[in-house]
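I am opening this notebook to keep a record of what I look up in a structure that is new to me. I will go from the overall fold to single residues.

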Amino acid sequence: MTDCPFCKPKSENVFYEDELVRGLWDQFPISPGHALIIPKRHVETWFEASSEEHQALTQALTRVKAVIEAEHQPDSYNIGINSGKAAGQTIPHLHVHLIPRYQGDVPDPRGGVRNVIPTKANYWD
């Protein structure tokens, strides 16, 4: 796909790379250190990626976390994948969000990724 921003990312956005995946700084970060981990091969969703790509993406989470921690010292993380348009995917190239979280960045972080549908986040009351 010639117009995919993840297939040929700007070199200044790439901070991690191995044989199968890259780590990029998110260009619209939710928090300081928000990173994306993407397969080098153009594939739209997690479900179309190979098992080798799944493994490389998962292993890269730990490596990318170390880079984030060296620069930002977050308190926690959210890890997420938007898979398909109905799930909010806007770039049709698989990418895993590693989002650093900081104490007090929101009033009540409970529910975490469940907040993608705000009325479903609070399941404990």
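The entries below follow the order in which I looked things up.

**Entry 1: the model as a whole**

I note at the start that this is a predicted model. I looked up the secondary structure and found 2 helices and 5 strands, which follow one another from the N terminus in the order β-β-β-α-β-β-α. I then turned to the overall dimensions, where the C-alpha atoms fill a box of roughly 45 × 35 × 25 Å along the principal axes. The radius of gyration is 15 Å, and because a compact globule with 125 residues would have a value near 14 Å, I write down that the two agree. Of the 125 residues, 34% count as buried.

**Entry 2: the cysteines**

How many disulfides does a search of the whole structure find? The search finds 0 disulfides. I looked at Cys 4, which is in no disulfide and whose nearest cysteine sulfur, that of Cys 7, is 3.7 Å away. The cut-off for a disulfide is a pair of cysteine sulfur atoms within 2.5 Å, so a distance of 3.7 Å does not meet it. From the side of Cys 7 the finding reads alike, for Cys 7 is in no disulfide and the nearest cysteine sulfur is that of Cys 4. I also looked up the accessibility of Cys 4, and at 6% relative accessibility this residue counts as buried.

**Entry 3: salt bridges**

I next searched for paired charges and found that the structure holds 6 salt bridges. My general reminder here is that side chains of opposite charge can pair when their charged atoms come close.

One of the bridges joins the side chains of Arg 22 and Glu 17, with 3.2 Å from N to O. Is Arg 22 buried or exposed? Arg 22 is buried, since its relative accessible area is 14% and the limit for buried is under 20%, whereas Glu 17 counts as partly exposed at 44% relative accessibility. I also noted that Glu 17, Arg 22 and Lys 40 are linked in a network of salt bridges.

Another bridge runs between Arg 101 and Asp 105, whose closest N and O atoms are 2.8 Å apart. Arg 101 is buried, with a relative accessible area of 18%, while Asp 105 counts as partly exposed at 35% relative accessibility.

I looked up one further bridge, in which the side chains of Asp 108 and Arg 110 meet at 3.1 Å, N to O. Here Asp 108 is partly exposed, with a relative accessible area of 36%, and Arg 110 is partly exposed too, with 46%.

**Entry 4: pockets**

I then asked where empty space is left, and found that the largest pocket has a volume of about 530 Å³. Of the 23 residues that line this pocket, Ile 30, Asn 78, Ile 99, Val 113 and Val 116 are the closest to its centre. Strands β4 (76–80) and β5 (96–101) each supply at least two residues of the lining, and the largest share, 4 residues, comes from β5. I sorted the lining residues of the largest pocket by character and got 11 nonpolar, 8 polar and 4 charged.

The second largest pocket has a volume of about 350 Å³. It is lined by 19 residues, and those closest to its centre are Phe 6, Gln 27, Phe 28, Leu 36 and Ile 91. The lining of this second largest pocket divides into 8 nonpolar, 8 polar and 3 charged residues.

**Entry 5: two single residues**

I closed with two residues that I looked up one at a time. Leu 24 has its place in strand β2 (residues 21–25) and counts as buried at 3% relative accessibility. I also recorded that Leu 24 and Lys 10, which are 14 residues apart in sequence, are 9.1 Å apart in space, C-alpha to C-alpha.

Where is the place of Gln 73? Gln 73 is in the loop between α1 (51–72) and β4, and with a relative accessible area of 53% this residue is exposed. The phi angle of Gln 73 is near 50 degrees, and I marked this as a positive value in a residue other than glycine.

How values were computed: Residues numbered from 1 in each chain as written. Predicted model: local features only at pLDDT ≥ 70, side-chain atom pairs only at ≥ 80, totals over all residues. Heavy atoms only, no water. Buried < 20%, exposed > 50% of the residue type's maximum accessible area, 1.4 Å probe, protein only. Salt bridge = Lys/Arg side-chain N within 4 Å of Asp/Glu carboxyl O. 1 Å grid on protein atoms, 1.4 Å probe; cavity = no way out; pocket = protein on both sides within 12 Å on 5 of 7 lines; lining within 4 Å. Points joined across faces, edges and corners; volume = space filled by probe spheres on them. Nonpolar A, V, L, I, M, F, W, Y, C, P; charged D, E, K, R; others polar. Rg over C-alpha atoms; globule rule 2.2 N^0.38 Å.
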